Amino acid sequence: MILSAGPSWNPIIDLQQMWSFPFMVNAFRAGTIVAVLAGVMGWFMVLRRQSFAGHTLSLIGFPGAAGAVLIGVAASYGYFAFCLAGALVIAALPRAGPGGYSEESAVTGTVQALALACGFLFVALYKGFLNSINALLFGNFLGISAGQVTLLGVVAALSLAALAVIGRPLAFASIDPEVAAARNVPVRALSVAFLVLLGAATAEASQITGTLLVFALLVMPAATAQALTARPGRALALTVTIGLVVTWLGLSVAYYTPFPVGFFVTSFAFAGYVAAQAVRHTRPRWRAASSEVSPMPTGIAR
Amino acid sequence: MIWPSFLVNALLAGTAIAAAAGLVGYFMVLRAQVFTGDALSHVAFTGALAALALGVDERLGLFAATIGVGVALGALGGRGRADDVVIGNVFAWILGLGVFFLTLYTTNNSAGNGNAGVNVLFGSIFGLNRSEAITAVIVAVLIAAGMVTIARPLLFASIDNAVATARGIPVRMLGYVFLALVGAAAAEASQAVGALLLLGLLAAPAGTAQRLTTRPYSALLLSAGLAVGEVWAGLTLSYTVPALPPSFAILAVATGVYALVLLRARARWHPLRR
């Protein structure tokens, strides 16, 4: 992005050059943490078909951050407060039954628009803030402090630990909620717990990628991996790998060009998704058909 | 009292846009395609900024992007409606493109255009001039006419897709036409409340109307009427309290009305609830 004539195309020299700047080292550390956390959460989000809820959660961080700046506290607190509260609100909405979906989504859409409108109001009340509105919405990979990286790492470790505890029943409840409920898996509690974890993950990622682009890191690597393999463990590993690769590539390319990192990360991730879809559709028909009928082997929980 | 011309323009455009958004929004909620509307709100941002960056009329980019992507989303999902994950991937990338165009635009026009992105995202209805307002009205009338024309078969197809197909209704085609109309309505609405907030204008009146009546045509008209009333109330509020941006005021009124109706319904459970 700055200061350099261009890449030497020798990866070792280029990396040494990039990492001679502390802000690039911090950007890579933060990007790595966020890519791993968002990848794992995104895998469950795609599995549970909660893209809309995930997207709304990721946008709710914007009024949080804007409000925090307005009252004079650090934006991080605003992100966490609003994303976690938003997760609880969405969890309290009537869960989609057959025919109940249309109302749930109308409410979610309205909440999302109102949250963004509130963010805009806070920004308007806080005069002269219009330049940082772009940083809030589209992220600022290049101004991350070492303290922020530590905070990100701690929250990510806690979230992943919590997810590891509930991961197995959560996967069961996501794939077949009725059978899971019959087996005494607490489906409802798991759903709330997952949304709260998703809120924490989006609050984390928002601080780096901006509220508008978190969703890309959540949905794209996971969707790519699930198009490529039907086996949960492999898909999860692939998701994290894809997330890391696109984040690192995006940061490196953005370093050498005047364009923002969000554009490169989303473009690489989308290219991967399109390639995965192409691979899936050129596979022998019976494999594609069988993977469409059961996206996951249902024996997973037992 | 003499009304300032910006307020007249805003009311003129706002009324027509709200009516179109209310009509389209009703079917969007009925067909559970709110997420598509969400996606198109981000596409509108990219379309407008691409047009600005390339130096053509902003509205051209807006309409081309939303209608084009709307129809493409239908094609991607097959059967005239797209899968959530596909939609999510497509619009996340398109938003990334929008950031690219924003950078391109702001670096090429350093002086005075720093707010372009903000205006596209959050709307500037008080900044419309007379000819822009009249164009918005004409387009809104066309959208409303299109919606009314396909309302009956679309209602049938939305409520019972299989039976409608068996009766020879071109369900797939209707799906595409509807998505094109959603795209046009999204482009219109983003001129009123901005790309990020248009989802509220599409979803809130429609959700409210569906709560208030179970009769489809009444709900359709009610949705349009509510949207118009909410825009009027929002514009008035914003005009009397200048600290409130108009798009926030409109969204706040629309959400408030929806919340009241939901709370009332919760207090008094309705046997015909969907």
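Reader: What makes the length of helix α2 (residues 34-54) of chain B agree with that of a helix?

Author: The expected span is 1.5 Å times one less than the number of residues. For the 21 residues of α2(B) that gives 30 Å, and the end C-alpha atoms are 30 Å apart, so the two agree. The name itself comes from DSSP: helices are H or I runs of at least four residues, strands are E runs of at least two, and both are numbered from the N terminus. Just after α2(B) comes B:G55, with a positive phi near 80°.

Reader: Where do these numbers and letters come from?

Author: Residues are numbered from 1 along each chain as its sequence is written, while chains are lettered from A and ligands numbered from 1 in the order in which they are written. Keep in mind that this is a predicted model, where local features need pLDDT of at least 70 and side-chain atom pairs count only at pLDDT 80 or more, although totals for chains, interfaces and linings use all residues.

Reader: Why is α2(B) called largely enclosed?

Author: A residue is buried if 20 or more other C-beta atoms (placed from the backbone) lie within 10 Å of its own, exposed if 12 or fewer, and partly exposed in between. In α2(B), 20 of the 21 residues are buried, so the rest of the structure largely encloses this helix. Helix α4 (residues 84-108) of chain B is mostly covered too, with 19 of its 25 residues buried.

Reader: What does α4(B) give to the side of chain B that touches chain A?

Author: Contact here is between residues whose C-beta atoms, placed from the backbone, lie within 7 Å. Chain B and chain A each bring 44 residues to their contact, and α4(B) gives the most to the chain B side, with 13 residues.

Reader: How do you know that α2 (residues 22-47) and α11 (residues 232-256) of chain A are roughly antiparallel?

Author: Angles run from 0 to 180 degrees between N-to-C directions, and the axes are lines fitted to C-alpha atoms, for helices over the stretch in contact. Under 35 degrees counts as roughly parallel, over 145 as roughly antiparallel, 65 to 115 as roughly perpendicular, and the rest as oblique. These two axes come within 8 Å and cross at roughly 150°, and α2(A) and α11(A) are therefore roughly antiparallel. Among the residues of α2(A) that meet α11(A) are A:G31, A:A35 and A:W43.

Reader: Is A:P260 buried or exposed?

Author: With 24 other C-beta atoms within 10 Å, A:P260 passes the cut-off and is buried. A:P260 sits in the loop between α11 and α12 (261-282) of chain A. Leaving aside neighbours within four places in sequence, A:P260 is in contact with A:F138, A:A254, B:V99 and B:T103.

Reader: Why is A:R49 called partly exposed, and why does A:N184 count as exposed?

Author: A:R49 has 13 other C-beta atoms within 10 Å, which falls in between the two limits, so partly exposed is the right label. A:N184 has 8 such neighbours inside 10 Å and therefore counts as exposed. A:R49 lies in the loop between α2 and α3 (51-71) of chain A, and A:N184 in the loop between α8 (177-182) and α9 (187-209). Neither residue is a glycine, but phi is positive for A:R49, at about 55°, and for A:N184, at about 70°.

Technical notes: Contact = placed C-beta atoms within 7 Å.
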